[in-house]
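Okay, thanks for coming, everyone. I'd like to walk you through a ligand site and the empty spaces in one model, so let's put it up on the screen.

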Amino acid sequence: MSQMPHPHGLPAVLAALDRTLVLGILNVTPDSFADGGLWLDPAHAVAHGIRLHRAGADIVDVGGESTRPGATRVDADEEVNRIAPVIAGLVAAGVPVSIDTMRADVARLAVAEGACIVNDVSGGLADQEMLPWLAAVSVPYIAMHWRGPSDVMGSLAQYDDVVTDVIEELDDRLAVIKNAGVDLSRVVLDPGIGFAKDADHNWRILQQLNVLQECGYPLLIGASRKRFLGALLADTSGVPRPTQFRDYATDAITALAAAQGVWGVRVHDVLGSRDAIAVAAAWRRGSGSSE
Ligand code: PMM
């Protein structure tokens with residue numbers, strides 16, 4: 001029996017896992033900051049998703065719209081065209097899939113194709129249809145802290161106390177989610193690393209993860225290769241560490257987050273994160289054997 005507090009509605013094969021889960025990132029977009037343009041061809045995207053799964057991704061998180069800082073919205077039809085064949089291909093290959101979208105229509109189609117989790121970076125704020133639709137299905141829902149679209153979020157990074165403010169705003173979201181008829185036992189919360197947050201806001205949230213955990217919900221952390229890691233690891237001239245060389249730092253975040261018992265991490269380098277989770281779990285147990 002798993003001790004990990006999984007959200008209700010998770011497929012049994014995932015709910016049986018007694019460790020932090022790994023969501024492997026698969027962006028079918030031309031412009032995501034780390035893997036933009038790599039997986040626009042559906043066959044390549046499916047092959048990459050299967051590789052991520054074999055390398056240790058418990059779930060492959062498929063997105064058709066970039067949310068990098070400054071990104072503008074993609075047309076809904078285009079988003080559907082990007083994700084639909086990829087989700088169908090991955091589900092056919094037996095890979096658990098989550099859909100990373102702010103749109104109810106995209107989530108609906110993805111779930112009809114077999115996606116088993118909805119990952120909404122807007123926590124239901126971007127599309128008024130999202131929560132009423134969710135109330136009628138039974139999949140887990142990742143609700144992220146969000147203050148506004150990517151093209152304006154930089155100007156929204158103002159907090160009295162980032163941890164208190166994020167918790168208050170997530171609490172407000174939870175009330176709206178509940179009022180819409182969504183069972184809160186299905187909800188995973190995500191503080192939204194890098195979304196309307198500067199580097200120190202991100203570090204403060206990570207420092208205070210235990211306070212977020214006191215909310216009593218499974219937590220997801222999406223720090224993989226993000227800008228604040230590039231800044232932390234800048235060279236002596238102040239040039240940020242390039243995106244593709246931020247995986248060791250991401251793995252360190254995974255280890256520390258897993259040691260605190262977070263539910264999931266959303267990462268590009270799944271093997272590194274799986275190793276980090278194995279180390280954190282053995283550290284917590286005081287044993288290298290999971291028996
Ligand atoms: N970050 C991005 C996209 N989707 N979803 C969740 N739940 N949490 C995140 O932090 C998050 C996300 C942006 O990163 P990407 O461009 O690498 O996908």
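So, the ligand: 15 residues surround it, and the closest are Asp100, Asn119, Asp190, Lys226 and Arg266. A residue counts as near if one of its heavy atoms lies within 4 Å. Before I go on, this is a predicted model, where local features need pLDDT of at least 70, side-chain atom pairs count only at pLDDT 80 or more, and totals for chains, interfaces and linings use all residues. Residues are numbered from 1 along each chain as its sequence is written, and side-chain values use heavy atoms, with hydrogens and water left out.

What is in that shell by class? Six nonpolar, five polar and four charged residues. For the classes, Ala, Val, Leu, Ile, Met, Phe, Trp, Tyr, Cys and Pro are nonpolar, Asp, Glu, Lys and Arg are charged, and the others, Gly among them, are polar.

Now some polar contacts, meaning pairs of N or O atoms within 3.5 Å; within protein, one must be able to donate a hydrogen and the other to accept it, and residues adjacent in sequence count only if both atoms are side-chain atoms. Asp100 puts a polar side-chain atom 2.9 Å from a nitrogen atom of the ligand. Two residues go for oxygen atoms instead: Asn27 has a polar side-chain atom 3.0 Å from one, and for Arg266 the distance is 2.7 Å. On its own the ligand has 410 Å² of accessible area, and the protein covers 98% of that. That's Shrake-Rupley with a 1.4 Å probe; for residues, only the protein chains shown count as cover.

Where does the ligand sit? The space it takes is the largest pocket. To sit in a pocket or cavity, more than half of a molecule's atoms must lie within 2 Å of its grid points. The grid is 1 Å over the protein atoms alone: a cavity is a set of points where a 1.4 Å probe fits but cannot get out, a pocket is an open set with protein on both sides within 12 Å along at least five of seven lines, and lining residues have an atom within 4 Å of a point.

That largest pocket holds about 700 Å³ of space; points are joined across faces, edges and corners, and a volume is the space filled by probe spheres set on them. Its lining has 44 residues, with Phe33, Arg68, Pro69, Gly194 and Lys226 nearest the centre. By class they split into 17 nonpolar, 16 polar and eleven charged. Which element gives the most to this lining? α9, with four residues. Helices (H or I, at least four residues) and strands (E, at least two) are DSSP runs, numbered from the N terminus.

Next, the second largest pocket, at about 340 Å³. Of its 15 lining residues, Asp18, Arg19, Ala281, Arg284 and Arg285 are the closest to the centre. Helix α11, residues 270-285, gives the most here, with five residues.

Last stop, cavities: there are two of 30 Å³ or more in the whole structure. The largest has about 40 Å³ of space and is lined by Glu65, Thr67, Glu79, Asp100, Thr101, Met102 and Val121. You'll remember Asp100 from the contact with a ligand nitrogen atom. The second largest cavity has about 30 Å³. Its lining includes Ile221, Thr250 and Arg266, and by class divides into five nonpolar, three polar and one charged. α10 (247-259) and β8 (264-267) each supply at least two of those residues.
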